[in-house]
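Here are my notes on the model you sent over. They are set out as numbered points and can be read in any order.

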Amino acid sequence: MGPTNSVLREQVRDLMPRARADLAEMVAFRSVFDAEQFPVTECDGMVDWLLAAFGELGFADAAAHVTADGSKAVTGSIAGADGAPTVLLYFHHDVQPPLGEDEWASPVWELTERDGRWYGRGAADCKGNIAVHLTALRALAGGAPIAPGQLPVTVKILGEGSEEQGGGGIEDFVVSRPEFAAADVILICDSGNVAAGRPTLTTSLRGVANVVVSVEALGSAMHSGMYGGAAPDALAALIAMLATLRNAAGDTTIDGLDADQSWSGVEYPEEAFRADAQVLDGVELIGSGSVAEMLWARPAVTVLGIDCPAVVGSSASVVPRTRARINLRVPPGVDAMRAQDLLVDHLTAAAPWGVRVSVEREAVGSPFSAATAGPGHDTLVDALSASYGVPVARQGQGGSIPLCSVLAETFPDAEIMLLGVEEPACLIHAPNESVDPSEIEHLALAEAIFLTEYRA
C-alpha cells in the first residue's frame, strides 16, 4: 500500500521550494527550437538537464533521441510491479520566443516572483508541467531513487523538443519507435484549468488546416495616379477575398463547412473571456454562438499575416502581388483535410476581376477527442477532486496538439487525457507568461495520487 493522500499532500508541499528551484533552472534555458533566434546549445542544455533530473529519480534508461526535424525527444521508464499497467507522462521542453523583451515587466529568462505568481518564458508552457512531473515523482520517491517494482504502475516519460514550432519530429518518432510511448494511460500535460483552483480536463482539441494564398494582378507596381482606377489592385482583391471568410456577426463562413455546432461542457463566461483575452472596452465579441461554442466546437478562421507594403516607406502605387497566411481551426467531427479543401475552393471562387490565385497548403492537424470514461479517467477525476477539493470540470481547447491524434491512431486502446498548469492568467505564448505555483502543487499531488491508485 502506498502513502496516504494526506501524507502525499504534506510531501508535495514540502517539495515546493525544490519545484521553484527546478523551474528557475529550466526557465534559464532559452530553449526556442529555432537556430535563427537562439543557439541550439540552449535546447541541448535543457535536454541534458532533463536527463540528469529524471535520471536522479530512477529513470536509469533516460535518453535523448534526435527526431526527424532535428529536435530531441527525451524518454525514460521505471518498471512497476509484475503485470502493472503503464502510464506515459508527456511534456515538451521547447518554448515560444519572447516576442519583445521590452514588453516584459521582468527578465524573460529569469524566474521572478510577483504578486504570488512566478514569471518567465516557459514558466507555464510547458516547463511548469515538467515541474509537476518531477514534484509528483519526488513525493513518491521518498528521498531516494524509485526502484523497479516500487510503484504499482510502470511510468514512462516522453518529452518533445519542437512542439512550439510544429516540426513533426515527435509524431514521426512515436510512429517509428512506438515502444517508447506505448501505454495504457497517456497524460498529455500541456493544457490547463478553466481558472486557477478549478480542476479541469480538456476533452477536445480543434485541429488545424493552414494555407498561404497568393494573388497576382500586374507585372509590376504601377503609379496609382496614372493607372489606379482601372488597373486591378492585388491587395484590394485579397482584402475582398478575406472578407468573405466571416459574416457580419463574425461567424466563419467557408462554403460547405458547418459552423453551427454546440458545446455541452463547461461554459466560458463572457466577462471572464473578455478579461482573459484582453478585449478592449467597447469592442464586441464575435460569433453567433456562446463563447465556449465559438472556441471549442466551431471552426474559426484567422488571418495570421499579410505580405504587402508597410505604411512607412509605401509609395503611390497599385500593388501588383500579395499573399496572406490563413489559419483554420477545425472542430472535432470535421475532417481537417476536407476543411482545407473547402478553404482552398472558397478562396479561389471568391477572387474578383480574374486575378491569378495560387494556394500553398501547409501541414494539417486532425481534431481530437480525449477519453471521458475508463479506469484511468475515473481514477484521474478522483485524484484531481481529492487534490483540489472541488469537482472536475471539462472544457475544450481551441488550440491543436497534432501528437494527440497520432497517439490515438498508434495506441487505439490507450486512455489519453489532457491537463496541466496553463490556466488563462498564465498568458502562454505572450509577454509576461507566468504560472500560479498553487497549480503546480495541486497537480503534482493529483498526479502522485493517480500513480498510486490507478489500476487498469
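1. Buried here stands for under 20% relative accessible area and exposed for over 50%, with partly exposed in between. H429 has a relative accessible area of 35% and is therefore partly exposed. The coordinates come from a predicted model, and the values below are computed from it.

2. H429 also has an unusual backbone entry to check: its phi is near 75°, a positive value in a residue other than glycine. The residue sits in the loop between β17 (415-419) and β18. L99 belongs in the same paragraph, with a positive phi of about 65° although it is not a glycine. L99 is placed in the loop between β3 (86-92) and β4, and its relative accessibility of 45% makes it partly exposed.

3. One cis peptide bond should be looked at by eye. The bond from D125 to C126 is cis, and its omega is near 5°. C126 lies in the loop between β5 and α3.

4. How many disulfides does the model contain? The count is 0. A disulfide would need two cysteine sulfur atoms within 2.5 Å. For C189 the closest cysteine sulfur is that of C126, and it is 7.4 Å away, so the two are too far apart for a bond. C189 is buried, at 3% relative accessibility. C308, by contrast, is partly exposed, with a relative accessible area of 38%.

5. C189 comes up again in the lining of the largest cavity. The model has 1 cavity of 30 Å³ or more, and the volume of the largest cavity is about 40 Å³. Its lining consists of N129, V132, C189, L419, G420, L443 and E447. Two helices, α3 and α12 (437-453), each supply at least two of these lining residues.

6. The second largest pocket has a volume of about 170 Å³. Which helices each give at least two residues to its lining? They are α1 (5-27), α2 (40-57) and α3 (127-141). Among the lining residues are Q11, L15 and R18, along with E56 and L57. The lining also includes R138, A139 and A141, and the run G142, G143, A144 and P145. Helix α3 thus appears in two places: it contributes to this pocket and to the largest cavity.

7. An open sheet of 4 strands has the order β11-β13-β9-β14, with antiparallel pairing. The edges are β11 (300-307) and β14 (356-365); each has a single partner strand, so one side of each has no neighbour in the sheet. Neighbouring strands are turned by 20° against each other on average, direction ignored.

8. Within that sheet, β9 (residues 207-216) and β13 (residues 321-330) run antiparallel and are joined by 8 bridges. One pair to find on screen is V211, which stands opposite I326 in β13. Helix α6 (residues 234-243) lies across β9, β11, β13 and β14, and runs at about 15° to β13.

9. An open sheet of 3 strands is also present, in the order β4-β5-β18, and again the pairing is antiparallel. Which strands stand at its edges? They are β4 (112-114) and β18 (434-435): each has a single partner strand, so one side of each is left without a neighbour in the sheet. Helix α1 packs on this sheet and touches β4, β5 and β18, its direction making about 20° with that of β5.

10. Strands β4 and β5 (residues 117-119) pair in the antiparallel sense over 3 bridges. Here R114 stands opposite R117 in β5. Besides packing on this sheet, helix α1 supplies at least two residues to the lining of the second largest pocket.

11. The last point concerns E42, a residue of helix α2. Is E42 buried or exposed? It counts as buried, at 16% relative accessibility. Apart from neighbours within four places in sequence, E42 is in contact with A28, F29, R30 and S31. A28 and E42 are 14 residues apart along the chain, and their C-alpha atoms are separated by 9.1 Å.

Terms used:
Residues are numbered from 1 along each chain as its sequence is written. This is a predicted model: local features need pLDDT of at least 70, side-chain atom pairs count only at pLDDT 80 or more; totals for chains, interfaces and linings use all residues. Side-chain values use heavy atoms; hydrogens and water are left out. Buried means under 20% relative accessible area, exposed over 50%, partly exposed in between (1.4 Å probe, protein chains only). Two strands pair if DSSP finds at least two bridges between them. Axes are lines fitted to C-alpha atoms, for helices over the stretch in contact, and angles run from 0 to 180 degrees between N-to-C directions. Contact means heavy atoms within 4.5 Å. On a 1 Å grid over the protein atoms alone, a cavity is a set of points where a 1.4 Å probe fits but cannot get out, and a pocket is an open set with protein on both sides within 12 Å along at least five of seven lines; lining residues have an atom within 4 Å of a point. Grid points are joined across faces, edges and corners, and a volume is the space filled by probe spheres set on the points.
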